[in-house]
Amino acid sequence: MLTRLEQWEEWMARCAIGRCGAATAAALQRFGAHRFRHYLSACLGARFSESVVPDGRDCFHLLETHCRVGTPRTGKRYKEWIASRSRGAPDAALFESGASMLLRDTVRVYLRREGPVPWQVSADAVIEGTDGLTLADLLPDTRETESIDPALVEAVARACLARLTENHRIVVLARRVGMPLSHPTVLALTGVGKSWTARLWAEVYERLAAETRLQEPDGTREGWLQIALHASEWLGNQLFFQERVEKRWCQFFKGVEGLYE
């Protein structure tokens with residue numbers, strides 16, 4: 001048992017945990033946090049983590065809020081319902097049982113409003129197929145970064161450009177002009193399906209990363225990432241302006257603003 005009968009009776013008499021004595025408040029908070037975590041784990045399964053559990057002080061408060069604002073149209077008052085379960089044979093276990101049933105509903109409401117959805121992925125999750133790269137690593141860094149040598153960026157990009165196949169160039173150009181890689185035009189040009197087209201784009205970045213480390217072997221991980229990102233931008237711009245001159249794929253990219261003006 002996490003609580004005592006007199007603690008529930010004090011809570012009923014004083015209406016809210018914030019008005020209860022320190023010992024009662026601490027016991028009810030422990031009970032709320034314990035049951036809240038249990039139901040969160042049951043609902044989320046493998047997606048459960050401690051990061052989704054509210055502060056221990058908030059779990060019981062959420063129950064109180066649910067008892068107040070979740071009152072159905074029938075007028076059923078949840079706190080009185082909890083107390084009615086113990087009439088005739090007062091027992092803390094009956095209070096905990098009733099409160100647990102309401103906490104289960106409270107958790108469901110909480111998850112609908114605040115919980116993670118199945119398709120959400122943590123920014124700290126490691127990207128499959130990389131040497132520890134995370135989604136957070138790909139976000140713009142607002143901190144001051146080390147100075148990037150434009151000559152090194154161009155050297156990395158040119159070395160990769162010289163070894164790109166026609167299909168690699170197509171996907172780089174498509175991304176540069178904002179065209180989805182799943183676009184029928186891109187698929188028609190590459191002659192492969194969506195998954196292989198996406199793989200072509202990944203191969204471009206893998207080559208940029210490898211070339212960056214080759215030309216800057218003593219760099220840092222953060223520095224390599226910045227160089228590779230700048231080299232990717234240089235590569236896209238180079239193919240963009242090159243295509244404006246050569247116009248090999250003009251008929252496929254008609255309507256792209258600025259490309260064939």
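Read from one end to the other, the chain runs α-α-α-α-α-α-α-α-α-α. That is ten helices and zero strands, in what is a predicted model.

**Whole chain.** Start with everything shown. The chain has 261 residues, and 38% of them count as buried. Switch on a surface and you are looking at about 15,700 Å² of exposed area, with carbon and sulfur atoms supplying 52% of it. For the contacts whose partners sit 6 or more positions apart, 60% join residues with a separation of 24 or more.

**Stop 1: Cys15.** Select Cys15, in the loop between helix H1 (5–14) and H2. Check the backbone here: phi is near 80°, a positive value in a residue other than glycine. Is Cys15 buried, partly exposed or exposed? Its relative accessible area is 46%, so Cys15 comes out as partly exposed.

**Stop 2: H2 against H5.** Now select residues 22–44, which make up helix H2, and add residues 92–114 for helix H5. A word on what to look for: two packed helices are described by the angle between their axes and the distance between the axes. For H2 and H5 the angle is about 50° and the axes are 9 Å apart. The pair is therefore oblique, and H2 passes H5 in a right-handed crossing. To see the contact from the H2 side, show Phe31, Gly32, Arg35, Phe36, Tyr39, Leu40, Cys43 and Leu44. From H5, add Glu96, Ala99, Ser100, Leu103, Arg104, Thr106, Val107, Tyr110 and Leu111. Colour this H2–H5 set by residue type and you should get eleven nonpolar, three polar and three charged.

**Stop 3: Tyr39.** Stay in helix H2 and pick Tyr39. Its relative accessible area is 14%; with the cut-off for buried at under 20%, Tyr39 is therefore buried. Leaving aside residues up to four places away in sequence, Tyr39 touches Ser100, Leu103, Arg104 and Val107. Try a distance label between the C-alpha atoms of Tyr39 and Arg104: these two are 65 residues apart along the chain, yet the separation is 6.1 Å.

**Stop 4: Thr106.** Cross over to helix H5 and select Thr106. What does Thr106 touch, not counting residues up to four places away in sequence? Phe36, Leu62, Leu63 and His66. Thr106 has a relative accessibility of 5%, so this residue counts as buried.

**Stop 5: H7 against H9.** Next, bring up helix H7 (residues 166–176) together with helix H9 (residues 194–215). How do their axes cross? They come within 9 Å and cross at roughly 90°, so H7 and H9 are roughly perpendicular to each other. On H7, the residues to show are Asn167, His168, Val171, Val172 and Arg175. Their counterparts on H9 are Thr197, Leu200, Trp201, Glu203, Val204 and Arg207. By type, the residues of this H7–H9 contact split into five nonpolar, three polar and three charged.

**Stop 6: along H7.** Hide H9 and keep H7. Which residues of H7 are buried? His168, Arg169, Ile170, Val171, Val172, Leu173 and Ala174. To finish, step just past the helix to Gly178, which takes a positive phi of about 80°.

How values were computed: Residues numbered from 1 in each chain as written. Predicted model: local features only at pLDDT ≥ 70, side-chain atom pairs only at ≥ 80, totals over all residues. Heavy atoms only, no water. Helix = DSSP H or I, 4+ residues; strand = E, 2+ residues; numbered from the N terminus. Buried < 20%, exposed > 50% of the residue type's maximum accessible area, 1.4 Å probe, protein only. Contact = heavy atoms within 4.5 Å. Areas by Shrake-Rupley, 256 points an atom, 1.4 Å probe, with all protein chains shown as cover. Axes fitted to C-alpha atoms, helices over the stretch in contact; angles between N-to-C directions. Parallel < 35°, antiparallel > 145°, perpendicular 65-115°, else oblique. Nonpolar A, V, L, I, M, F, W, Y, C, P; charged D, E, K, R; others polar. Left-handed = near helix turned anticlockwise from the far one by under 90°.
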